[in-house]
Amino acid sequence: MLKDGSSVNGLERRAEGALRALLMQVPAIRLENIERPEAIDDGVDLRAHLNVAGSPHVLICEVKGNGQPRFVRMSSLQLRHAVAHTESGATPLLIAPYLSMESQKICRDQGIGYLDFEGNARLAFDSVFIERVTAST
């Protein structure tokens, strides 16, 4: 099913805001910029260029409107493929409105970082390790 551009852009804007908020909490990370690649269907919705203690790093992000485990499994494969073929050394990150404990576990097992709009997050690369768990309602 195709989504209209306005709902996708709104979701990506929320994802970008959540990513900015997360990264701003870590003094050693300076966010250089976030770009939205023009290429379609490469599994990359956002690229975040960081400076981590003087070294450049890239986060390759896929934004999903649904964080159910079946979508997370597919997204983890797409992200791993995108990193392997386009951004060697980059860190894959899945962003969704909500990721259940099962979806979070899939990401951890696949070596994929995650962030949801509820505040749950896990991001590990180089000397950076961020893990945040919020209470579920």
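Helices, counted as H or I runs of at least four residues, and strands, counted as E runs of at least two, are DSSP runs numbered from the N terminus.

**View 1. Overall fold of the predicted model.** In this predicted model, the order of elements along the sequence is α-β-β-β-α-β-α-β-β-β, which corresponds to 3 helices and 7 strands. Of the 137 residues in the protein, 43% are buried. Among the contacts with a separation of 6 or more, 44% are between residues 24 or more positions apart. The exposed area of the protein is about 7,600 Å², and carbon and sulfur atoms supply 52% of that area.

**View 2. Strand 4, helix 3 and strand 5.** Strand 4 (residues 91-96) and strand 5 run parallel and are joined by 4 bridges, and one of the pairings places alanine 96 opposite its bridge partner aspartate 116 in strand 5. Between these two strands the chain passes through helix 3, giving a β-α-β crossover that is right-handed. Strand 5 is covered on both faces, with Gly113 and Leu115 buried on one side and Tyr114 and Asp116 buried on the other. In a regular strand, side chains alternate between the two faces of the sheet.

**View 3. Serine 103 in helix 3.** Serine 103 belongs to helix 3, which spans residues 101-110. Is serine 103 buried or exposed? Because its relative accessible area is 0%, serine 103 counts as buried, the cut-off for that class being under 20%. Leaving aside residues up to four places away in sequence, serine 103 touches Gly67, Gln68, Pro69 and Val72.

**View 4. Two buried cysteines.** Cysteine 61 has a relative accessibility of 0% and therefore counts as buried. Cysteine 107 likewise has a relative accessible area of 0% and is buried. The structure holds 0 disulfides, a disulfide being a pair of cysteine sulfur atoms within 2.5 Å.

**View 5. The hairpin of strand 5 and strand 6.** Strand 5 (residues 113-116) pairs with strand 6 in the antiparallel sense, over 2 bridges. Leucine 115 stands opposite alanine 121 of strand 6, while the bridge partner of tyrosine 114 in strand 6 is arginine 122. The two strands form a hairpin with 4 residues between them, and in the turn glycine 119 has a positive phi of about 110 degrees.

**View 6. Strand 6 and its hairpin with strand 7.** Which residues of strand 6 lie on its covered face, and which on its uncovered one? In strand 6 (residues 121-125), Ala121, Leu123 and Phe125 make up the covered face, whereas Arg122 and Ala124 make up the uncovered one. Strand 6 is joined to strand 7 (residues 128-132) by 5 bridges, and the two strands run antiparallel. Within this pairing, alanine 124 has phenylalanine 129 of strand 7 as its bridge partner. The hairpin of strand 6 and strand 7 has 2 residues between the strands, and aspartate 126 takes a positive phi near 45 degrees there.

**View 7. Salt bridges around glutamate 16.** A search of the whole structure finds 8 salt bridges, and this view shows some that involve glutamate 16. Arginine 20 and glutamate 16 meet through their side chains in a salt bridge, with an N to O distance of 3.1 Å; both residues lie in helix 1 (residues 5-24), 4 residues apart, about one turn of the helix. The side chain of arginine 36 also meets that of glutamate 16 in a salt bridge, at 3.3 Å from N to O. Arginine 36 lies in the loop between strand 1 (29-35) and strand 2 (46-52) and glutamate 16 lies in helix 1, so this pair ties together parts that are 20 residues apart in sequence. Glutamate 16 is buried because its relative accessible area is 15%, whereas arginine 20, with a relative accessible area of 34%, is partly exposed. Arginine 36, at 31% relative accessibility, also counts as partly exposed. Salt bridges that share partners join Glu12, Glu16, Arg20 and Arg36 into one network.

**View 8. The salt bridge of glutamate 32 and arginine 30.** Glutamate 32 and arginine 30 meet through their side chains in a salt bridge with an N to O distance of 2.5 Å. Glutamate 32 is partly exposed, its relative accessible area being 41%.

Methods. Residues are numbered from 1 along each chain as its sequence is written. This is a predicted model: local features need pLDDT of at least 70, side-chain atom pairs count only at pLDDT 80 or more; totals for chains, interfaces and linings use all residues. Side-chain values use heavy atoms; hydrogens and water are left out. Buried means under 20% relative accessible area, exposed over 50%, partly exposed in between (1.4 Å probe, protein chains only). Contact means heavy atoms within 4.5 Å. Two strands pair if DSSP finds at least two bridges between them. Accessible areas come from the Shrake-Rupley method with a 1.4 Å probe; for residues, only the protein chains shown count as cover. A crossover is right-handed if, with the strands pointing away from the viewer, the path from the first strand over the helix to the second runs clockwise. A salt bridge is a side-chain nitrogen of Lys or Arg within 4 Å of a carboxyl oxygen of Asp or Glu.
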